Amino acid sequence: MSSHLDTLCVQEGWQPKNGEPRVLPIYQSTTFRYDSSEHVGDLFDLKAPGHFYTRLSNPTAEAVEKKVAALEGGVGAMMTSSGQAASLIAILNLCGSGDHFIASGALYGGTTNLFNVTLKKLGIEVTFVDPYASEAEIQKAFRPATRAVFGETIANPALTILDIEKFARVAHANRVPLVVDNTFPTPLMCRPFDFGADIVVHSTSKYMDGHAVALGGMIVDGGRFDWQASGKFPGFTQPDPSYHGLVYTEAFGAAAFIVKARVQLMRDLGSTPAPMNAFLLNLGMETLHLRIERHCRNAETVAAHLEKHPGVTWVNYPGLPSSKDAALVKKYLPRGTCGVIAFGVKGGREAAVRFMDKLKLAAIVVHVADARTGVLHPASTTHRQLTDEQLAAAGISPDLVRLSVGIEHPDDILADLDQALQL
Ligand SMILES: *Cc1c(COP(=O)(O)O)cnc(C)c1O
């Protein structure tokens with residue numbers, strides 16, 4: 001098949017044979033029938049490929065996994081029940097109790113909590129580094145027990161751009177992989193594997209689904225990290241007693257990471273997507289290439305407009321020529337960044353609340369990256385328990401509005417913002 005990303009969005013993953021449904025079916029079945037118990041035994045021993053229980057794999061999920069793997073340029077992917085589950089499993093596949101990893105400090109709030117609270121309770125330590133840290137500064141955070149480096153291509157909500165090549169260089173110099181959360185750009189705007197990332201994770205609940213109908217996550221294996229040469233990952237290179245001494249690197253080669261994530265961690269944790277959600281994700285992805293482009297163009301128009309608006313004190317959008325990250329955008333995101341903009345309303349907290357309440361087309365939602373324009377005022381909602389001083393420490397000013405620009409006509413979005421910004 002053509003390797004153009006647009007064509008992969010529409011067609012990859014489900015190629016029906018003669019007489020089969022044209023559209024990916026929803027395999028709403030927990031289990032699968034086999035002719036012999038010997039065959040099922042081989043499936044359990046990972047000697048034969050095939051589905052036997054939906055907690056581990058399902059044909060509807062498999063189709064969309066193939067689509068995302070192809071779009072990212074990876075060797076395999078695994079869908080999870082949410083983006084949180086994807087980040088959790090990606091880290092647990094690399095780190096156990098007593099291990100440590102390094103993460104860029106500019107992360108999605110849910111990921112920060114996962115790393116700081118729950119992984120800590122499991123005995124896995126994280127060190128956050130400044131997203132603009134130098135290679136020497138990142139190096140200083142390494143310990144003998146460090147097993148991964150993690151960052152977001154475009155951080156939510158800080159909107160800083162990760163210098164993927166820099167983080168990959170330091171990770172590889174220390175023989176550990178770089179994991180990149182590529183939720184905001186999607187592979188249509190940036191493919192982290194092309195810049196040295198080893199593992200990509202997604203919250204598919206955002207642009208990939210695109211319609212705010214289904215939670216989901218995805219882990220993609222780039223297939224290039226050499227677990228054997230690293231010497232730091234016995235979980236990949238030593239026998240797994242729960243599969244009769246199978247060695248993942250020997251049995252599955254370049255796909256060792258993603259197979260281990262599935263047969264060990266999905267088996268044990270069960271953060272499995274519903275077949276219905278895999279179907280909805282696939283349906284959304286059939287138009288991802290059209291939508292993400294419109295999100296970017298609309299956001300560029302809106303950001304340029306807000307930058308000149310007298311009711312706005314500052315605009316943070318990586319796609320603006322004035323962005324502090326313009327050089328990184330040119331390198332990593334030349335076709336566009338995303339549809340999310342942060343800006344300050346003149347007059348501070350109260351003015352921001354008044355602005356939000358006056359909006360008509362844009363809805364107040366705790367969500368980003370779907371077809372409809374949405375806004376969130378963190379200081380009065382998600383972060384309302386914080387004082388102005390605590391907000392500042394979290395990098396959120398009281399006047400900050402996070403705007404997720406949808407795919408409506410840009411003139412209608414601008415008109416709504418203008419009427420609400422009238423002082
Ligand atoms: C939303 C989000 C997540 C978490 O995904 P869920 O699907 O909500 O669990 C992780 N990373 C980023 C960048 C996100 O925006």
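**Where the two domains meet**

In this predicted model, just one salt bridge turns up across the interface of domain 1 and domain 2. The partners are Lys-331 and Glu-165, and their closest N and O atoms sit 2.5 Å apart. Polar contacts add to the picture: 16 residue pairs make them across the interface of domain 1 and domain 2, counting pairs with both residues at pLDDT 80 or more.

On the domain 1 side, helix H1 (5-11), helix H7 (164-173) and helix H8 (186-189) each put at least two residues into the surface that touches domain 2. That side of domain 1 is made up of 19 nonpolar, six polar and six charged residues.

As for the overall layout, the domain assignment places domain 1 at residues 5-283 and domain 2 at residues 289-420. Taken over C-alpha atoms, the centres of domain 1 and domain 2 are 29 Å apart. The contact draws on 31 residues from domain 1 and 30 residues from domain 2. Between them, domain 1 and domain 2 bury about 2600 Å², with 64% of that area on carbon and sulfur atoms. Three residues stand out here: Leu-159, Met-189 and Tyr-207 account for 31% of the area that domain 1 buries against domain 2, more than any other three residues.

Leu-159 is worth a second look for its backbone as well. Though not a glycine, Leu-159 has a positive phi, at about 65 degrees. Leu-159 is located in the loop between strand E4 and helix H7, and Pro-157 belongs to the loop between strand E4 (146-152) and H7 too. The peptide bond that joins Asn-156 and Pro-157 is cis, with omega at about 10 degrees.

Tyr-207, another of the three residues named above, also takes part in ring packing. Searching the whole structure gives 14 aromatic pairs. In the pair formed by Phe-184 and Tyr-207, the ring centres are 6.4 Å apart and the planes lie at 70 degrees; angles over 60 count as edge-to-face, so this pair falls in that class. Phe-184 comes from the loop between strand E5 (178-181) and H8, while Tyr-207 comes from the loop between strand E6 (199-203) and strand E7 (217-221), so the pair ties together parts that are 23 residues apart in sequence.

Methods. Residues are numbered from 1 along each chain as its sequence is written. This is a predicted model: local features need pLDDT of at least 70, side-chain atom pairs count only at pLDDT 80 or more; totals for chains, interfaces and linings use all residues. Side-chain values use heavy atoms; hydrogens and water are left out. Domain bounds come from an automatic or database domain assignment. Contact means heavy atoms within 4.5 Å. Buried area is the accessible area (1.4 Å probe) that two parts lose on being put together, summed over both. A salt bridge is a side-chain nitrogen of Lys or Arg within 4 Å of a carboxyl oxygen of Asp or Glu. A polar contact is a pair of N or O atoms within 3.5 Å; within protein, one must be able to donate a hydrogen and the other to accept it, and residues adjacent in sequence count only if both atoms are side-chain atoms. Helices (H or I, at least four residues) and strands (E, at least two) are DSSP runs, numbered from the N terminus. Ala, Val, Leu, Ile, Met, Phe, Trp, Tyr, Cys and Pro count as nonpolar, Asp, Glu, Lys and Arg as charged, and the others, Gly among them, as polar. Rings of Phe, Tyr and Trp (its six-membered ring) pair if their centres lie within 6.5 Å; planes under 30 degrees apart count as stacked, over 60 as edge-to-face and the rest as tilted.
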